[in-house]
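Student: Please take a close look at one part of this model for me. I would like to go through the salt bridges, pair by pair.

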Amino acid sequence: MAARRPLRRLAATVVATAAAAGALTACGGTGDRAAPPPAPASPGAPGGPSPSANQDPARFAPQVVKHAGRAKIDAQLLMAILYNESYKPHDPALERAWQRMKPDSAFGIANMHKAAFDDTKQGRDFANRSWDELPDDPGLAVEAAAWYLHDLAAQLPGQPSGPYTRNELLALGYNAGAGNMSAFARGAKPGPQAQSYLDRLRANWAKAGQAVKR
């Protein structure tokens with residue numbers, strides 16, 4: 001029984017944090033999900049930890065460049081999305097403890113939902129891989145996110161009439177789903193959650209570009 005106590009303490013911490021978080025939601029891949037325990041304060045923020053390689057998605061730049069190229073999407077976009085999705089600690093044990101309480105939660109450094117992963121992997125090199133491998137395999141998470149963005153790009157209208165760039169629409173699609181992305185491409189206004197995601201993408205854009213050009 002003693003060996004189970006750390007996991008119980010972890011689960012208890014998640015429950016307490018979730019209760020404090022209230023009705024916060026976030027999206028990655030497709031659909032809404034309850035927010036996981038909040039990540040520690042951002043590196044460099046007042047009271048936050050000092051920057052480290054373990055907290056910076058830039059460490060995945062080689063995988064981002066590789067898989068973005070294969071999927072024919074912008075590597076800077078993919079990296080910016082990883083920065084957007086780095087709001088929570090991507091620890092395999094923590095992700096699985098949270099998923100036991102919220103089965104519809106997302107997995108991996110790109111916060112992908114099971115349905116999105118299972119749709120995206122069809123006919124791809126990772127077709128025999130499983131969604132529950134994402135917490136342990138950042139390379140797989142980056143590859144799946146790249147091809148998901150590729151599939152979203154195929155659903156964009158030829159001449160969007162809204163004010164957003166192609167990359168912004170793809171990021172909105174990653175956050176809010178293909179249907180909402182198409183509506184935004186026709187001029188619909190994003191809701192608060194999607195707008196927040198877009199604002200963070202813009203804030204992360206420059207450092208994402210630096211990361212993939214190193």
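Tutor: Start with E133, in this predicted model. E133 is partly exposed, and its relative accessible area is 27%. Its side chain forms a salt bridge with that of R129, at 2.7 Å from N to O. R129 is partly exposed too, with a relative accessible area of 24%. Buried would need a value under 20%, so neither 27% nor 24% counts as buried.

Stay with R129. A salt bridge also joins its side chain to that of D137, again at 2.7 Å, N to O. D137 is partly exposed, and its relative accessible area is 24%. R129 therefore has E133 as one partner and D137 as another, and each of these acids falls in the band between buried and exposed.

Now move to D136. Its side chain meets that of R96 in a salt bridge, with 2.6 Å between N and O. R96 sits in helix α4, which spans residues 92-101. D136 sits in the loop between α5 (114-120) and α6 (138-153). The pair therefore ties together parts that lie 40 residues apart in sequence. R96 is partly exposed, with a relative accessible area of 25%.

One more group deserves a look. K114, D118 and K121 are linked in a network of salt bridges.

To place these in the whole: the structure holds 7 salt bridges. Among them are R96 with D136, E133 with R129, and D137 with R129.

Definitions and conventions
Residues are numbered from 1 along each chain as its sequence is written. This is a predicted model: local features need pLDDT of at least 70, side-chain atom pairs count only at pLDDT 80 or more; totals for chains, interfaces and linings use all residues. Side-chain values use heavy atoms; hydrogens and water are left out. A salt bridge is a side-chain nitrogen of Lys or Arg within 4 Å of a carboxyl oxygen of Asp or Glu. Helices (H or I, at least four residues) and strands (E, at least two) are DSSP runs, numbered from the N terminus. Buried means under 20% relative accessible area, exposed over 50%, partly exposed in between (1.4 Å probe, protein chains only).
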